[in-house]
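Q: Please take a close look at one helix of this chain. Walk me through it, and then show me what surrounds it.

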Amino acid sequence: MEQLPPERSNRILGHATNEKPYAKPYPQPTGQQWETFFNNHNIPLLLQNATEEQMKKIKEIRWYISCGDDDFLYEGNSLLHIHFHKNEIRHEYRVKDGGHTWTYWHMELPIVLEHVSKTFMQH
């Protein structure tokens, strides 16, 4: 493999750290775009408007929800659990100490992978 001259290898290291020479600024969504996005991904609305066939497919999924009690997504995940429960959608729901951090997922990832593995073995 060809070695890079020092001036190029330093630039590559720079790209891997803080520099983003090729990053393009993304346009900010408009209020209407945000509203459309959230309406298209709103679990209560999706469940309320689901056809019988769509609800059957939703219920076939092996859902696993895990969230730290200090996670900024805690409330939304709790509401998702409630809606799944009310609609008799099987799911695993776990709340543990922690936030939306790598430390939390480092602890949780083996459990999630075990859930996924068992799911694949059953089907």
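A: Here is a close look at helix α6 and its surroundings.

This is a predicted model: local features need pLDDT of at least 70, side-chain atom pairs count only at pLDDT 80 or more, and totals for chains, interfaces and linings use all residues. Residues are numbered from 1 along each chain as its sequence is written, and side-chain values use heavy atoms, with hydrogens and water left out.

Start with the setting. The chain has six helices and two strands. Both kinds of element are DSSP runs, numbered from the N terminus: helices are H or I with at least four residues, strands are E with at least two. Along the sequence the pattern reads α-α-α-α-β-α-β-α.

Now α6 itself. It covers residues 102-122, which is 21 residues. The expected span is 1.5 Å times one less than the number of residues. That gives 30 Å, and the end C-alpha atoms are 29 Å apart, so the two agree. Still, α6 has a kink of about 40 degrees at E108, shortly before the proline P110. The bend at a residue is the angle between axes fitted to the seven residues ending there and the seven starting there.

Which residues of α6 are buried? They are Y104, E108, V112, H115 and T119. Buried means under 20% relative accessible area, exposed over 50%, and partly exposed in between (1.4 Å probe, protein chains only). An α-helix has 3.6 residues a turn, so residues three or four places apart point the same way.

What do these buried residues pack against? They pack against β1 (63-68) and β2 (91-96). Contact here means heavy atoms within 4.5 Å.

Look at that pair of strands. β1 and β2 pair in the parallel sense over six bridges. Strands pair if DSSP finds at least two bridges between them. The chain crosses from β1 through α5 to β2, and this β-α-β crossover is right-handed. Right-handed means that, with the strands pointing away from the viewer, the path from the first strand over the helix to the second runs clockwise. One bridge partner of the pairing is easy to find: C67 has V95 in β2.

Finally, step back to the loop between β2 and α6. H100 sits there. At 45% relative accessibility, H100 counts as partly exposed. H100 touches D71, F72 and L73, leaving aside residues up to four places away in sequence. H100 and L73 are 27 residues apart in sequence, but 7.8 Å apart in space, C-alpha to C-alpha.
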